[in-house]
Amino acid sequence: MPDAKFELQIGGVWTEAPVRMASRITHSRGRRSQGARVDAAVVNLTLESPDGLYNNRNPLSPNFGLLGRNTPGRLTVDGGTPFLDVTTGTSGASTPDAAALDITGDIDIRFEATLSNWLKSGGVSASVELCGKGDQIGNQRSWLLLMRDRRLHFEWSAAGTTTIEKESTADLPVPPWGHIAVRVTLDVNNGAAGNTVTFYTSDSISGPWTQLGDPVITAGTTSIFSSTASVRVGDGWSDLTFEPAAGRIHAFELRNGIAGSAVANPDFSAATPGASTLVDGTGKTWTLFGSGVFTSRRVRCLPEVSKWPPKWHVSGHNQTVPIQASGIFQRLERGRRALKSTLTRRITTTAGVLAYWPMEDSEGSSRFASPLPNVLPMTFSGFDLAANADLDGSKPLPNVQTGGDLNGIVPAGTVSNQFHIEFIYFLPSAPASEATLLRYVSQGTVRTWHINLSSTQVIVYGFDPDGTLVSSVTQSLPSTAFNDWNRISVFADQNGGNVDWFVRLSNIAGTGIALGTSYAGTVGRITSVTGPPSNYSSTVNGMTLGHIAVFQESDTFAFNFADHGFTGETAGDRVVRLATEENVPYLVSGIVAEQMQMGPQHPEQLLTLLGECEDADGGILYEERDRLAIAYRGRATLYNQPPVLTLDYGQITQPFEPVEDDDARNDWTVTREGGSSARVTVDDGPLSVQDPPNGIGLYEAAVTLNLADDDQPQQIAGWLAHLSTWDEARYPRIRILLHKAPELIPQMTDLDVGDVVRITGTPSFLPPGPYDLMVEGYEEEFGEFEWTVVLVCSPAGPWTVGVVDDADARADTDGSELAAAATDSDTVLSVTTTAGEAWTTHPDDFPLQARVGGEVVTVNAITGQVQDTFSRTTTGGWGTATSGHAWTTSGGTGTDYSVQGA
């Protein structure tokens, strides 16, 4: 019988809600069909609401005022296998200090978990504690294992005070479902007057282990301090404030010596759900701390409830609340306006910004607005608004007209000993004479800063209140200073009795110049920004100007990369950055650095921008199941997957019917947004552009994608053509009655969007199996006694790809056919290679599987192809060929055949 429960987070506490199971619970997740966008997850159910219990406006209800819009809900089932749940806050399990745990020499630490925060990005601030022994208070530091910026990070202390820190040389390859075992070993004396830290990964804490990156070798032997602190999992040191692990912890091992004896080894799959302690295999007792819990309940969906419509019988009895709870996509889709330009977003969130005017105002505006609070609009005259839309990191910017002017007031900050001023310009050609672009007024020794350009130089002058020159910098211009987008910045710092200041001119492509000098005096704060003393001259008529910013911190890099809209960042990096900026929890899987590079980010809604990443890289953007968060599976995570769920044909029920879709597309054109295009056609094969019966004729498709460069469309067009001409029947829906096959529940609770399910034991009237299908989404229904799941699937075959240098990968034949007829009982086949390379004959390559006429056969050996050097002497026939095959004759008489070899 299904054990589905629905909980509500009321007042910060998860509380089980009474569900009317006779009305059933339905849940849908993922794509509704192949290639579609993932929809928000939806949970439909009816709550029992006696005396108006779930009426938010009922003052007699204990839930009065607590059931607002987007109240979190949680649908869970019993998944069978227990684990340590550390989903909420600082939580985990610990065992007190003991002599066996005080390892001072070689150490071996192993940790297996399914976490949502393995792969946070952002340097030290992105640290996630996994396990450790130590405390900062009292200098009781021993060792600590954590994640930092997508890599494993290990620290230990020899004296309990400062720590030695080492990090893996490669990112942790966490699969999309987040389950991985990690291991670190420390060889305190590697025999070469040094110490060695080595990191490993595996599918299970029992191994086998694969080394992660290179060993980290450091000169000098070391040791580990014997602290009095407990050993903790889920959180390393009790007084450390890094983010704790979030998710499910399955097992932990601490070994004295590398591959030595275990001194602690809690297996949380052996825990009793609801218990507060666990005794491990070494006899140590592990006690829960924080909000940690031993449980076997698995989250199927964590949606939000936006409406609470009460229903009741006219008698006042039978009070219910039918609700529809939705995943986070629902909230992100509604009530969200387009994001601002990347420059505006980056500059307004940079520490120390005092004043900022993007100058992205539309035609008809009379002031340049500031997005910062308490900053007055900038006055101007003589500007052609929204005239230049070519800067990728900005909305259209204005052009200067002869006689134009501007003036902006900079509010007072808290710092007066440093400043940074910066803006962007585009000047189509070099000015005929030196011209002032902007002036800044200060309260320091230099009262007015003039930023000028000539045809060959950038010149910055600093004048005192009387107009006397205090300091200046002159620097030759690079070739990119004109007819391109550039930034000019001036920044200064107080250095005793002197002011050190610098000027920097940078092209948005990253090249530029910089020069600095100093003068005696004080910095002072910037108070205003103005145009030239006598307004803009004709020498800069038509110059584009924008994004004028003033900071009270020097040498900021707020403009970097935002000026070109982050062109070139990978799909995963963009998802991470956008989610971080919008404060949306996220999970990105795959090797982010190898994902498709994106074109510029333009002002669009968040989900539209995230969808551009999905389209360009070819992965899947979906919702996390265990929390209100978005998730992105890079395309490469979909390659060559082992099945998460294996089903025997007898474990499924109808509908299990093949569909021959008319969705094939054999002529693809992919266009880079703002760039070139590429076309790929499928010229051979059953779904090629050839006319029937050799193909299906021409089926065209075209798509425009936000890509970084014009080399990418060709690659993507080829991939799309491959996907859309895969010649295999599609089984769009698989129905499973879990109440009749409860042994499948642990695998089913692991299965998610993008995973592979394998169907075995198919009847003989179907094409030979097994069938590997990719899960696009699923629907499930819970009743009082039933749990039904319907998987929405597509063929997984096209996602099986060759990998260079992979010992298990095999290249398919370019053309082979039977050299002689064969029967169903033959165990030897004669095969002719009609195109490409010959088949392998190396014994290490066997066995292998081949598909012959639709049937899969296992090949145990291949002898050489039929060949004959005719170096023998034979009469009455041709005898036996060099390859061992006997020649037979046809026609004539025996005396007509002979071989006269050398």
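**Figure 1. A network of salt bridges around helix α3.** In this predicted model, salt bridges link R345, R346, E569, R574, R577, E581 and E582 into a network. Side chains of opposite charge can pair when their charged atoms come close. Across the structure there are 44 salt bridges, and a few others get their own views below.

**Figure 2. Helix α3 and what surrounds it.** Helix α3 runs over residues 571-581. How many of its residues are buried? The count is 8 of the 11, so the rest of the structure largely encloses this helix. If you want to find the buried ones, look for A571, G572, R574, V575, V576, R577, L578 and A579. Notice that R574 and R577 are on that list, and that R574 and R577 also belong to the salt-bridge network. An α-helix has 3.6 residues a turn, so residues three or four places apart point the same way. Which elements cover the buried residues of α3? Among them are two helices, α2 (342-348) and α4 (606-617), along with the strands β39 (586-589) and β41 (630-633). Just after α3 comes N583, with a positive phi of about 60 degrees.

**Figure 3. A salt bridge between E786 and R24.** Here the side chains of E786 and R24 meet, at 3.0 Å from N to O. E786 sits in the loop between β48 (771-782) and β49 (787-795), and R24 in the loop between β2 (13-17) and β3 (25-30), so this pair ties together parts that are 762 residues apart in sequence. Are these partners buried or exposed? They fall in between: E786 is partly exposed, because its relative accessibility is 24%, and R24 also counts as partly exposed, at 29%.

**Figure 4. A salt bridge between D555 and R504.** This pair has its side chains meeting at 3.0 Å, N to O. The two ends come from distant parts of the chain, 51 residues apart: D555 is in the loop between β38 (544-551) and α3, while R504 is in strand β35 (residues 498-507). D555 is partly exposed, because its relative accessible area is 31%. R504 has 16% relative accessibility, so R504 counts as buried.

**Figure 5. A buried salt bridge, R110 with D108.** The side chains of R110 and D108 meet at 3.1 Å, N to O. Is this pair buried or exposed? Both R110 and D108 are buried.

**Figure 6. Threonine T788 and its contacts.** T788 belongs to strand β49. With a relative accessible area of 14%, T788 falls under the 20% cut-off, so T788 is buried. What does T788 touch, once residues up to four places away in sequence are set aside? The answer is R735, I736, L737, H739, E779, E780 and E781.

**Figure 7. Threonine T671 and its contacts.** T671 is found in strand β43 (residues 667-672). At 23% relative accessibility, T671 counts as partly exposed. Setting aside neighbours within four places in sequence, T671 is in contact with S676, S677, V703, T704 and L705. Have a look for Q712 too: Q712 is 41 residues away along the chain, and 9.2 Å separates its C-alpha atom from that of T671.

**Figure 8. A space inside the protein.** Rolling a probe the size of a water molecule over the atoms shows where empty space is left. The structure holds 1 cavity of 30 Å³ or more, and the largest cavity has about 50 Å³ of space. Its lining is made up of R29, A41, C301, L302, G327, I328, E623, E624, R627, L628 and A629.

**Figure 9. A nonpolar patch on the surface.** Which residues form this patch? They are L818, L829, V831, W839 and V852, and together they have about 380 Å² of accessible area. V831 is part of strand β51 (residues 831-833), and V831 counts as partly exposed because its relative accessibility is 42%.

**Figure 10. Stepping back to the whole protein.** The protein has 902 residues, and 49% of them count as buried. Its secondary structure adds up to 6 helices and 55 strands. The C-alpha atoms fill a box of roughly 120 × 80 × 80 Å along the principal axes. About 39700 Å² is exposed, with carbon and sulfur atoms supplying 48% of that area. Among contacts between residues at least 6 apart in sequence, 64% join residues at least 24 apart.

How values were computed
Residues are numbered from 1 along each chain as its sequence is written. This is a predicted model: local features need pLDDT of at least 70, side-chain atom pairs count only at pLDDT 80 or more; totals for chains, interfaces and linings use all residues. Side-chain values use heavy atoms; hydrogens and water are left out. Patches are made of residues with over 30% relative accessible area and no salt bridge: like charges are joined within 9 Å, nonpolar side chains (Val, Leu, Ile, Met, Phe, Trp, Tyr) within 5 Å. Accessible areas come from the Shrake-Rupley method with a 1.4 Å probe; for residues, only the protein chains shown count as cover. A salt bridge is a side-chain nitrogen of Lys or Arg within 4 Å of a carboxyl oxygen of Asp or Glu. Helices (H or I, at least four residues) and strands (E, at least two) are DSSP runs, numbered from the N terminus. Buried means under 20% relative accessible area, exposed over 50%, partly exposed in between (1.4 Å probe, protein chains only). Contact means heavy atoms within 4.5 Å. On a 1 Å grid over the protein atoms alone, a cavity is a set of points where a 1.4 Å probe fits but cannot get out, and a pocket is an open set with protein on both sides within 12 Å along at least five of seven lines; lining residues have an atom within 4 Å of a point. Grid points are joined across faces, edges and corners, and a volume is the space filled by probe spheres set on the points.
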